[in-house]
Every structure is written in C-alpha cells, then in structure tokens.
Amino acid sequence: MLVAKSGLAMIVSGLGEGRIGLRNVAVFGRMVTFATNNLRSCLSGFDDWDIAAKRRHFDNTDCRYMNELRNVIEKQARTPVSMSAHIYSFRMGDQRKFERPPGATSFFIGDRNGGSGWLVPGPDGNEVPFYVALPPEIGKVTLSLPENGGRSAAECAGSYVAALEAYLDDLKRFAQERQR
C-alpha cells in the first residue's frame, strides 16, 4: 500500500514522475487486493465478506480503470496517458525563479512525463531533464487518461488509493471482530 500511496504522491508532485507514479498505483494497488486473498485460510467468512467489500469499494469507473491499466502495463508494456499544460503567465524572466543547473541549455514546461524544468547535457551528450516544481501562479501540467474519458491521472489514482485504504480499514475491522 505504501508504494501505491507513494505513486500517487509522484503523480501529484509535478516533478516528471507522473507516469512512474501511475504505474506504481495501478500495479502495487492491485497487489494489495491479491495479498488479502491469503486471508481466506485464516479468517472464517472471509470469502463472503471480501466479495461484498470489493463490490462496495471497487465497483466504480476509476477502480475498474486502474485494474484495466494494470493489465495494459503488465501485458502490453505501455502507460496510456496524455499531457496538457495550462500556462497562466510566463515571461522569459520567470526562468530565473528556478534553480538552473550547471550546463542547462533550455527550459521546458510540460514534457511527456508531466514535468517542467531544465534540459542538461548528460555524460553521453544526450539531454536529460532536471525537474523543478512549477508554481501554480505560472501554470499547471496535467496527466490525463485518454482511455478513461480524459480524466486526470491524479484524480483517478487518488480515488483508487482512497478505495484501497477504505477496503483495508474495513478488513481490519472484520479481522478484529473475528478474533473476539
């Protein structure tokens, strides 16, 4: 669960880790529900409880999409996202607000990973991104899920993580009741 929550933080950060974070939420979030299946042999009545709990927590568009996304990631090795940038105000002098690493050649807003920052030549001569946080007064970069109606990756993943947390909270209560 920690990796799924960390993945959500990566999406929200805007530091170019959005795709990685989305993969972590989808894959490791699903692993949470796989792992809970091991309780079948430990808790009487688990199967009936689990069917109802999963229906209650995961029977919604975002959770179904995250399960489908996990399958796409694992079976097709792709993460279908789109990126959009809304720039409210940016003047060339605004670049000075961001730490410029040595050798940086240019500044960018909204790359394919959802980040903004500087391009810096790597040891092999290829440019690599040095990500910085884009202040909200300058603009907003959003990773979206075209296969989920264009919904924001942060909103969809956040909904899924919240459902996982609620499911685990209910599971703890169920297990405590069974141990009494």
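Ala, Val, Leu, Ile, Met, Phe, Trp, Tyr, Cys and Pro count as nonpolar, Asp, Glu, Lys and Arg as charged, and the others, Gly among them, as polar. The exercises below use a predicted model.

**Exercise 1.** Describe the lining of the largest pocket by residue class.

Solution. Step one: the largest pocket holds about 350 Å³ of space, and H1, S5 and H5 are the elements that give two or more residues to its lining. Step two: S5 gives the most, with 5 residues. Step three: sorted by class, the lining has 10 nonpolar, 11 polar and 2 charged residues.

**Exercise 2.** Find the classes that line the second largest pocket.

Solution. Step one: this pocket has a volume of about 220 Å³. Step two: its lining includes Arg30, Lys54, Asp59 and Arg64, and those names fall in the charged class. Step three: the full tally is 4 nonpolar, 3 polar and 4 charged residues.

**Exercise 3.** Decide whether Cys156 is buried or exposed, and whether its sulfur is bonded or too far for a bond.

Solution. Step one: buried means under 20% relative accessible area. Cys156 has 0% relative accessibility, so Cys156 is buried. Step two: a disulfide needs two cysteine sulfur atoms within 2.5 Å. The closest cysteine sulfur, in Cys63, is 7.8 Å from that of Cys156, so the two are too far apart for a bond. Step three: the count for the model is 0 disulfides.

**Exercise 4.** Locate Met66 in the largest nonpolar core.

Solution. Step one: this core has 32 residues, and Met66 is among those with the most contacts inside it, with Leu22 and Val25. Step two: H5 gives the most to this core, with 12 residues. Step three: the residues that Met66 touches include Leu22, Val25 and Cys156.

Definitions and conventions:
Residues numbered from 1 in each chain as written. Predicted model: local features only at pLDDT ≥ 70, side-chain atom pairs only at ≥ 80, totals over all residues. Heavy atoms only, no water. Buried < 20%, exposed > 50% of the residue type's maximum accessible area, 1.4 Å probe, protein only. Core = buried A, V, L, I, M, F, W, Y, C linked by side-chain atoms within 4.5 Å. Helix = DSSP H or I, 4+ residues; strand = E, 2+ residues; numbered from the N terminus. Contact = heavy atoms within 4.5 Å. 1 Å grid on protein atoms, 1.4 Å probe; cavity = no way out; pocket = protein on both sides within 12 Å on 5 of 7 lines; lining within 4 Å. Points joined across faces, edges and corners; volume = space filled by probe spheres on them. Lists of a residue's contacts leave out its neighbours within four places in sequence.
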